[in-house]
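Open your viewer and keep the selection panel at hand. We will go from stop to stop, and at each one you will hear what to select and what is there.

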2 protein chains.
Amino acid sequence: MRATELRVLPVEGLPEIEEGDRLGELIAARMDLEQGDVVVVSQKVVSEAEGRVVQLSEVKPSKRAQELAAELGKDPAVVQLVLDESREVIRAERGVLICETRHGLVCANAGVDTSNVPVGSASLLPLDPDASARQIRAQLTGSSGKAVAVVVSDSFGRAWRLGQCEVAIGCAGLRPMDDWRGRADAGGGTLTATLIAIADEAAAAADLVRDKASGVPAAIVQGLERQVTEDDGPGAASLRRPREEDLFR
Amino acid sequence: MRATELRVLPVEGLPEIEEGDRLGELIAARMDLEQGDVVVVSQKVVSEAEGRVVQLSEVKPSKRAQELAAELGKDPAVVQLVLDESREVIRAERGVLICETRHGLVCANAGVDTSNVPVGSASLLPLDPDASARQIRAQLTGSSGKAVAVVVSDSFGRAWRLGQCEVAIGCAGLRPMDDWRGRADAGGGTLTATLIAIADEAAAAADLVRDKASGVPAAIVQGLERQVTEDDGPGAASLRRPREEDLFR
């Protein structure tokens with residue numbers, strides 16, 4: 001397999017996304033998609049299209065949410081949403097809530113986010129981000145006639161590193177990991193641990209053409225054809241580390 | 001700031017790297033570099049150029065290394081190197097050694113790696129990856145006359161996700177993080193936590209044109225001019241989460 005060039009193109013000119021909007025069709029109408037393109041869509045617009053934006057004034061914080069909020073210096077309504085979205089609160093200290101979401105994602109605030117949504121509201125993660133990716137993929141393929149892949153991405157912090165990187169919370173039609181284990185390496189040995197998180201790296205690459213305040217909520221990654229599959233595949237769920245391999249719990 | 005296109009080009013045709021090779025000059029001789037390019041170089045070749053590859057037969061494992069190796073099913077010589085490279089062993093269980101390196105990086109096996117080096121040897125991380133990046137940058141600028149940035153990258157596993165992503169262990173001339181905190185967002189609010197790990201995302205993007213067995217140890221990322229700085233800047237050291245913010249110790 002020859003190394004090839006990669007291109008990342010921002011999808012510009014998308015309208016404000018509202019509940020019920022068909023993101024795949026909106027993107028296909030603005031971009032000349034090619035076979036094998038990977039379309040990376042930010043969680044925020046997927047949540048907006050799926051009606052996963054809630055008014056904080058309509059949330060009734062429980063006693064536990066109020067206590068946690070006071071402890072952490074957070075808005076009780078936001079904490080209530082975080083608790084509702086969580087299967088488990090892993091850490092609640094120093095102003096930080098690290099949770100396992102109902103999907104099994106481990107991230108800050110269970111993905112509940114008050115940025116880039118109208119003041120007084122919060123966005124929640126899609127109920128099933130892999131299903132969201134499959135749905136957007138079907139719309140893209142239907143509109144463009146091209147077999148493309150979809151990644152739904154969100155910004156996650158890291159345990160030991162500062163800053164956030166974009167990762168894949170959902171994907172369809174993309175091999176989430178490229179497994180090199182068992183293959184020969186350049187030194188005459190055999191690779192034993194090399195398992196590249198392609199979907200996460202594609203999400204990260206796409207983030208580099210976005211602008212956190214610009215409303216560029218999607219990008220096309222070209223040059224990953226070899227990772228694009230005919231079927232929807234296992235999705236980003238396969239990137240979640242099983243609980244029993246988690247060294248922190 | 002307008003969103004722009006990103007391109008990632010593999011650097012092909014590099015020779016086998018040996019101790020003393022000047023990587024920046026070798027890369028500049030093969031690529032038409034442009035002002036503002038980000039040159040991502042894999043740790044493996046940086047370590048080779050800096051003589052950081054050791055013969056396992058020359059390592060004398062201590063008693064502790066032998067015991068740990070037996071426990072974890074690892075080579076005692078490799079475990080000795082891991083201990084030598086570590087400031088602290090954070091976890092040693094289930095076949096996994098998570099360490100804080102002498103530089104303060106938290107990663108598996110303190111970065112000691114037996115893949116893609118001759119069988120019977122192991123590569124160690126550069127002694128000071130930010131200094132490596134500065135040195136390669138000076139060579140690239142000297143050879144090409146263009147102001148470029150450099151990232152030295154390595155594959156790290158993640159606490160809660162499977163697979164590895166490439167991250168920046170060193171950088172020079174690149175803003176490691178893009179700080180959006182305090183800026184207005186698209187919903188009329190203010191971003192409070194948005195701090196994008198640009199150097200890590202650039203490393204991840206570069207990884208997508210590499211091939212774990214091909215010997216493509218470098219790539220050029222174009223389209224990040226706005227993150228490229230005149231001075232070398234704080235380096236990737238600024239991406240390490242301070243110990244006191246680490247939720248796991």
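Helices and strands here are DSSP runs, helices being H or I with at least four residues and strands E with at least two, numbered from the N terminus. This is a predicted model, in which local features need pLDDT of at least 70 and side-chain atom pairs count only at pLDDT 80 or more, while totals for chains, interfaces and linings use all residues. Residues are numbered from 1 along each chain as its sequence is written, chains are lettered from A and ligands numbered from 1 in the order in which they are written, and side-chain values use heavy atoms, with hydrogens and water left out.

**Stop 1: the two chains**

Colour the structure by chain. A turn of 180° with a shift of 0.0 Å along the axis lays chain A on chain B with an RMSD of 0.0 Å (a least-squares superposition on the C-alpha atoms of residues with pLDDT of at least 70 in both copies). That is the relation of a two-fold axis. The same surface serves both copies, as 100% of the contact residues of chain A recur in chain B.

**Stop 2: the interface**

Now select the residues of each chain in contact with the other (heavy atoms within 4.5 Å). You should get 76 residues from chain A and 76 residues from chain B. Together the chains bury about 6700 Å², 56% of it on carbon and sulfur atoms; buried area is the accessible area (1.4 Å probe) that two parts lose on being put together, summed over both. Show A:Trp160, A:Arg161 and A:Leu208 as sticks: these supply 14% of the area that chain A buries against chain B, more than any other three residues.

**Stop 3: polar links across the interface**

Next, look for salt bridges (a side-chain nitrogen of Lys or Arg within 4 Å of a carboxyl oxygen of Asp or Glu). The structure holds 34 over all chains, and 6 salt bridges cross the interface of chain A and chain B. Select B:Arg158 and A:Asp200, whose closest N and O atoms are 2.7 Å apart in a salt bridge. B:Arg158 lies in the loop between β8 (149-157) and β9 (164-172) of chain B and A:Asp200 in helix α6 of chain A, so the pair joins two chains. Then pick A:Arg161 again: its salt bridge with B:Asp200 has the closest N and O atoms 2.8 Å apart.

Which elements give two or more residues to the side of chain A that touches chain B? They are β1 (6-10), β4 (86-93), β5 (96-101), β9 (164-172), β11 (195-196) and α6 (198-207) of chain A. Of these, α6(A) gives the most, with 7 residues.

**Stop 4: strands**

Select residues 6-10 in both chains. β1(A) and β1(B) pair in the antiparallel sense over 3 bridges (strands pair if DSSP finds at least two bridges between them). A:Val8 has B:Leu6 as its bridge partner in β1(B).

Move on to β4(A) and β5(A), which pair in the antiparallel sense over 6 bridges. There, A:Val89 in β4(A) has A:Cys99 in β5(A) as bridge partner. This hairpin has 2 residues between the strands, and A:Arg94 takes a positive phi near 45° in it.

**Stop 5: two loop residues**

Most residues other than glycine have a negative phi. Select A:Asn109, where phi is positive, near 55°; A:Asn109 lies in the loop between β6 (106-108) and β7 (121-123) of chain A. Finish in chain B with B:Asn116, where phi is also positive, near 55°; B:Asn116 sits in the loop between β6 (106-108) and β7 (121-123) of chain B.
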